[in-house]
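User: I would like a close look at a single part of this structure. Please take the aromatic side chains and their surroundings, and keep it brisk.

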Amino acid sequence: MVTKQLSGTPENADLARADSLAREIFSDVANKWALLIIEALGERTLRFGEVRSEVDGISHKMLTQNLRMLERNGLARRTVHPTVPPKVEYTLTEPGLALRETVHRMCDWTHRYIDHIETSRDRFGPADTP
């Protein structure tokens, strides 16, 4: 994947444009694992294993990839403490905490409307599998 550079033009911040940096960032963070990791970190600092325990069902590989992506985008900070064995901790940065507010509202929305969605799904029938 080629990373787009924000040159200050409105096109780079336009989510509607396929070639915009904004679209790339949105694509990075708008996946279930990234959202769940952001919610799990919250305002805490956690070690890798603690994040994995908080995000049930995530594989080691997916957690690693998503933590690296969050760090690359400046949303999470990785701190390595020079101990034996090394102690690695993750925490959200200021932009990560700001995004977490939105993620938290999405979680609240899910809790608020889960019964409605479940009822609708029951009426619709089983989901088709590709």
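Analyst: What follows is a look at the aromatic pairing, with one residue from elsewhere for contrast. The model is predicted.

Start with the search. Across the whole structure, one aromatic pair turns up. The partners are Trp 109 and Tyr 113, with ring centres 5.9 Å apart. Their planes meet at 45°. Planes under 30 degrees apart would count as stacked, and over 60 as edge-to-face. The pair is therefore tilted. Both numbers matter here, because a pair of aromatic rings is described by the distance of the centres and the angle of the planes.

Now the setting. Trp 109 and Tyr 113 sit in helix H5, which covers residues 94–124. Four residues separate them, about one turn of the helix.

Next, exposure. Trp 109 has a relative accessibility of 48%, so it counts as partly exposed. Tyr 113 is at 31% and also counts as partly exposed. Together with Ile 117, Trp 109 and Tyr 113 make a nonpolar surface patch of about 280 Å².

For contrast, take Ala 40. This residue belongs to helix H2, residues 32–41. Its relative accessible area is 7%, so Ala 40 is buried; the cut-off for buried is under 20%. Beyond its neighbours within four places in sequence, Ala 40 contacts Leu 46, Glu 54 and Val 55. From Ala 40 to Arg 123 there are 83 residues along the chain, and their C-alpha atoms are 33 Å apart.

Technical notes. Residues numbered from 1 in each chain as written. Predicted model: local features only at pLDDT ≥ 70, side-chain atom pairs only at ≥ 80, totals over all residues. Heavy atoms only, no water. Helix = DSSP H or I, 4+ residues; strand = E, 2+ residues; numbered from the N terminus. Buried < 20%, exposed > 50% of the residue type's maximum accessible area, 1.4 Å probe, protein only. Contact = heavy atoms within 4.5 Å. Phe/Tyr/Trp six-rings, centres within 6.5 Å; stacked < 30°, edge-to-face > 60°. Patch = residues over 30% accessible without salt bridge, like charges linked within 9 Å, V, L, I, M, F, W, Y side chains within 5 Å. Areas by Shrake-Rupley, 256 points an atom, 1.4 Å probe, with all protein chains shown as cover. Salt bridge = Lys/Arg side-chain N within 4 Å of Asp/Glu carboxyl O.
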